[in-house]
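Please take a moment to look over the sequence and the model before reading on. The paragraphs that follow go from one part of the chain to another, and it helps to keep the structure in view while reading.

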Amino acid sequence: MFTIYQFLEVFIPLFVMIDPFASLALYISLTSNMDENEKKKTRYESTIYGFVILLFFAFAGDYILSLFGISIEALEIAGGILILLIGIEMVREGDKPKISKKGEESFQESGDVGIVPLATPMLAGPGAISLIIILMKTYNYILVLISMVLVFLTVYIFFLYADKVFKLIGLKGTRAFTRILGLLVAAFAIQYILNGISGWLVTIWHA
């Protein structure tokens with residue numbers, strides 16, 4: 001099967017990329033004027049749609065790459081650069097790239113904040129999509145699916161107890177956790193870039 005070490009190699013990058021702490025702050029902001037039924041709907045939509053989006057790319061991502069003639073090495077380098085930029089932003093700002101106040105208000109008016117911006121791009125953004133394709137190409141798919149379920153279950157629990165969690169750690173605590181996770185995101189991103197470059201060099205060497 002697989003070891004705990006292999007599980008952590010998949011779970012930790014996925015956890016820090018999806019980042020429940022940053023998502024929590026946005027969830028609280030977007031649902032502050034909602035009643036309990038609306039919050040419940042938003043929780044379900046954000047976690048279910050976010051999971052489904054990543055699940056789609058987990059299984060279809062490889063075919064999409066083949067269709068466009070993109071190698072896994074190219075994806076690792078491109079995805080690594082993208083993830084690195086997100087990690088830098090998390091470290092600098094203590095948050096994921098922000099949505100403008102005007103954009104936030106338009107989402108609230110549409111009533112679909114569970115899908116956009118929470119499910120995507122917050123939970124299942126370009127960085128997470130790139131990462132899930134890389135993980136599926138590198139590790140056992142069962143291991144990746146288990147990690148996905150656990151991460152999104154964590155996100156749902158965070159949203160369910162949002163007020164209590166946010167009150168416990170506060171805005172500064174949330175930003176501190178996000179900065180720490182951002183450092184890990186940046187480190188994983190550089191590793192993916194190095195893996196992509198080394199894989200490309202091996203391909204050239206054996207060509």
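**A bent helix and its surroundings**

Helix H3 bends by about 55 degrees at Ala60. The model in which this bend appears is a predicted one, and H3 is a good place to begin reading it. Does a bend show up in the distance between the ends of a helix, and what distance is found for H3, whose residues are 36–67? Because each residue should add 1.5 Å, the 32 residues of H3 should span 46 Å, and the end C-alpha atoms lie 44 Å apart, which agrees with that expectation.

Both ends of H3 have a detail that can be found in the model. At the start of the helix, a side-chain oxygen of Asp35 comes to within 3.2 Å of the backbone nitrogen of Asn37. After the helix comes Gly69, which has a positive phi, near 70 degrees. Along H3 itself, a number of residues are buried, including Lys39, Arg43, Glu45, Gly50, Leu54 and Leu65. Ala60, the residue at the bend, is also one of the buried residues of H3.

**The whole chain**

With one helix described, the rest of the protein can be placed around it. The protein has nine helices and zero strands, so that, read from the N terminus on, its elements run α-α-α-α-α-α-α-α-α. Buried residues make up 44% of the 207 residues in the protein.

The last of the helices named here, H9, covers residues 162–206. How far apart are the end C-alpha atoms of H9? They are only 53 Å apart, although H9 has 45 residues and a straight helix would reach 66 Å at 1.5 Å a residue. H9 also bends by about 85 degrees at Gly170.

**Two backbone details**

Some places in the chain can be picked out by their backbone angles. Val116 and Pro117 are joined by a cis peptide bond, with omega about 15 degrees, and Pro117 has its place in helix H6, residues 114–123. Asp19 has a phi near 55 degrees, which is a positive value in a residue other than glycine. Asp19 is found in the loop between H1 and helix H2, the latter being residues 20–31. Is Asp19 buried or exposed? Asp19 counts as buried because its relative accessibility is 0%, and the cut-off for that word is under 20% relative accessible area.

**Residues brought together across the chain**

Pairs of residues that stand apart in the sequence can be compared with their separation in space. Val144, in helix H8 (residues 141–160), is buried, with a relative accessible area of 0%. The C-alpha atoms of Val144 and Val10 are separated by 6.4 Å, while the two residues are 134 residues apart along the chain.

Phe152 is likewise found in helix H8, and Phe152 counts as buried because its relative accessibility is 5%. Between the C-alpha atoms of Phe152 and Leu123 the separation is 8.8 Å, and along the chain these residues are 29 residues apart.

Ile72 belongs to helix H4, residues 72–93, and at 17% relative accessibility Ile72 counts as buried. Ile72 and Asn195 are 10.0 Å apart in space, C-alpha to C-alpha, and 123 residues apart in sequence.

**An enclosed space**

A final feature concerns the space that the atoms leave empty. Rolling a probe the size of a water molecule over the atoms shows where such empty space is left. The count comes to one cavity of 30 Å³ or more, and about 30 Å³ of space lies in the largest cavity. Which residues line the largest cavity? Its lining is made up of Pro13, Val16, Met17, Ile83, Leu131, Val185, Phe188 and Tyr192. Helix H1 (4–18) and helix H9 (162–206) are the elements that give two or more residues to this lining. By residue class, the lining of the largest cavity holds eight nonpolar residues, no polar ones and no charged ones.

Technical notes. Residues are numbered from 1 along each chain as its sequence is written. This is a predicted model: local features need pLDDT of at least 70, side-chain atom pairs count only at pLDDT 80 or more; totals for chains, interfaces and linings use all residues. Side-chain values use heavy atoms; hydrogens and water are left out. On a 1 Å grid over the protein atoms alone, a cavity is a set of points where a 1.4 Å probe fits but cannot get out, and a pocket is an open set with protein on both sides within 12 Å along at least five of seven lines; lining residues have an atom within 4 Å of a point. Grid points are joined across faces, edges and corners, and a volume is the space filled by probe spheres set on the points. Helices (H or I, at least four residues) and strands (E, at least two) are DSSP runs, numbered from the N terminus. Ala, Val, Leu, Ile, Met, Phe, Trp, Tyr, Cys and Pro count as nonpolar, Asp, Glu, Lys and Arg as charged, and the others, Gly among them, as polar. The expected span of a helix is 1.5 Å times one less than its number of residues. The bend at a residue is the angle between axes fitted to the seven residues ending there and the seven starting there. Buried means under 20% relative accessible area, exposed over 50%, partly exposed in between (1.4 Å probe, protein chains only). A polar contact is a pair of N or O atoms within 3.5 Å; within protein, one must be able to donate a hydrogen and the other to accept it, and residues adjacent in sequence count only if both atoms are side-chain atoms.
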